[in-house]
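Visitor: Could you take me through one part of this model slowly, and then show me how it fits with what surrounds it? I would like to follow the reasoning from residue to residue.

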Amino acid sequence: MQGVRMAQWKSLAALGALAVALLVPSCYAQSQDSSQAADPGPQTSDSAATSGGPVPILSVGLADNTFFEGGTAHLHPLVSPVVLIPLGDNWLIESRDTFEIDLAPEPGSDGAYKGYLQKEVDYLQLDYIANPYLTVTVGRFLTPFGIFNERLYPVWVRDLQSDPLILPISTGPSGAGTGAMLRGGFNVAPSVEINYATYFSTLSTDTPLDSDRAAGARAGIYLPGPRVEFGGSFQHLLQDDHSNAFGFHFAWQPPPIPLDIRAEYARSHNGSGYWVEAAYRLSQSPVWQHALRRVQVVGRMQQFLTGTVVDPVLPGANTNMFEFGINYYFRDHFRFVSSYGRQFAAPAGGGNENVWTLGLTYRPTIPLWPGGGKQ
Amino acid sequence: MRRFILPVALLLGSGASLLVGLAAGQEHDTKAVNDSAASAKTSIQHDEDSDRVEGERRFHANCGRCHQTPHKFPPRMMATIVRHMRVRATITDEDMRLILKYMTQ
């Protein structure tokens, strides 16, 4: 009897703590909103800041790349439409699908190219911006592990068209999870921002919506002054061997120069590794500035070490790789990309080979609502 | 008749001085109101300018973290894009507000 009563008290205390934890940030946010409402200064809502409010839009990532791997050309056209549908002041439906073909010479044929259309729902999610510190997401979402999968994956964003070797670690079979996620960003001091994401994903074996059953979190600290961000990620698999994975990320854009430095490390029972990338836009070149300002040079070094459990989407042997690329921006959303890379691996990991890439990336964006394109 | 001249002159004089005083006062009041309005306008302009500068700084700091800084889209499209990036890149509420203001001006 005593034990039951104690358990009831513990439950009540836990409920109370949960209620306080949920209510305090909401009340604080509400009081901030009220004070901002009384302030005739800047508007807080994106609807209020624009007459008519936000409109649905379609943005399409397009790429036509050719990869030369070990002397064999792979033609790789890709279409990736993103649809954004804002609802009211606090809701957003967003989706991204990818349709791609890897056309390669068919073995045994006289050079005929063959490939299959691969379809993937990268994300299809409903976001609710609960307050300035919290966004609740349900549906299918990109797994928030490290920075590449969520932020740098789109073909028009990435500086080198090949994926980092460690990308499949902890991002699941498709880079996405199916379930719920809490995320947000806020200032803890004028020059310090915190961003976070925590999620639960359920098992789905239905292609193209496959995902692992897992839970995890990512947190980062961003310093806007020196433009430095660093953080860590963690994931616990809730199926198979219930293994853990963790990773770290770092990014730095030194304000005086157009240089991007990014790095990630990830480790799981499937393997571990890192990549370090630097991209420099020649807009400050002292010579031929007019011609070179649209040119970007990129370099990436990466290493993968096999783990205790083999994952078919990861390299089958320890692998080192470096890549060097040159991109030319016709516009911010239209560019020519090229790169050369050299892979060093045992035959089980694909062996030593050169990888060349040539291609174009383009990202048109249009409104899906009458009048949405008016200035 | 003469005895009316002085009072009438005094009345007219006082009336004139009253009118001049009132006019001067009104002018002073108008000037004060104008000064106050001009001051408020200058203050708002100053706030707008500082918001724009801050918005541009945050635009380059936040958007440049992942990709080349994009061109400006029409305001209603920009509102959707900024909301999307708020979720995707976990930028703060304040950053979103200032970036949107800068990108829609």
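Guide: Gladly! Let's start at A:Ser170, which counts as buried because 29 C-beta neighbours lie inside 10 Å, and 20 or more is enough for that label. Please keep in mind throughout that this is a predicted model. A:Ser170 sits in the loop between H3 and E8 of chain A. Its backbone deserves a look too: A:Ser170 is not a glycine, yet its phi is positive, at about 70°. Most residues other than glycine have a negative phi.

A useful counterpart is A:Asp240, another non-glycine residue with a positive phi, here about 50°. A:Asp240 belongs to the loop between strand E11 (228-237) and strand E12 (244-252) of chain A. Its surroundings are another matter: A:Asp240 has 11 C-beta neighbours inside 10 Å and therefore counts as exposed, the limit for that being 12 or fewer.

Now back to the loop of A:Ser170, which lies between H3 and E8, and on into the strands. E8(A) and E9(A) make a hairpin, with two residues between them. Their pairing is antiparallel and extends over 10 bridges. To find one of these pairs on your screen, look for A:Gly185, whose bridge partner in E9(A) is A:Asn195.

A:Asn195 also helps you to read the two faces of E9(A). It lies on the covered face, together with A:Glu193, A:Ala197, A:Tyr199 and A:Ser201. The uncovered face consists of A:Val192, A:Ile194, A:Tyr196, A:Thr198 and A:Phe200.

E9(A) is also joined to strand E10 (residues 214-223) of chain A, by nine bridges and again in the antiparallel sense. One of the residues to pick out here is A:Thr198, from the uncovered face of E9(A), whose bridge partner in E10(A) is A:Ala217.

In strand E10 of chain A you will also find A:Ala215. A:Ala215 is partly exposed, because 15 other C-beta atoms lie within 10 Å, and that label covers counts between those for exposed and buried. Its C-alpha atom is 7.7 Å from that of A:Thr198, with their positions 17 residues apart along the chain. Setting aside neighbours within four places in sequence, A:Ala215 is in contact with A:Tyr199 and A:Phe200, and also with A:His236 and A:Leu238.

Let's step back to the partner chain. Where chains A and B touch, 45 residues of chain A are in contact with 34 residues of chain B. On the chain A side, the elements that each supply at least two residues include helix H3 (148-152), strand E8 (176-189) and strand E9 (192-201). E8(A) gives the most, with five residues. By class, this side of chain A has 17 nonpolar, 17 polar and 11 charged residues.

For the wider setting, chain A contains four helices and 19 strands. Of its 375 residues, 34% count as buried, and A:Ser170 is one that does. Among contacts in chain A with a separation of 6 or more, 53% link residues 24 or more positions apart.

Conventions
Residues are numbered from 1 along each chain as its sequence is written. Chains are lettered from A and ligands numbered from 1 in the order in which they are written. This is a predicted model: local features need pLDDT of at least 70, side-chain atom pairs count only at pLDDT 80 or more; totals for chains, interfaces and linings use all residues. Two residues are in contact if their C-beta atoms, placed from the backbone, lie within 7 Å. Ala, Val, Leu, Ile, Met, Phe, Trp, Tyr, Cys and Pro count as nonpolar, Asp, Glu, Lys and Arg as charged, and the others, Gly among them, as polar. Two strands pair if DSSP finds at least two bridges between them.
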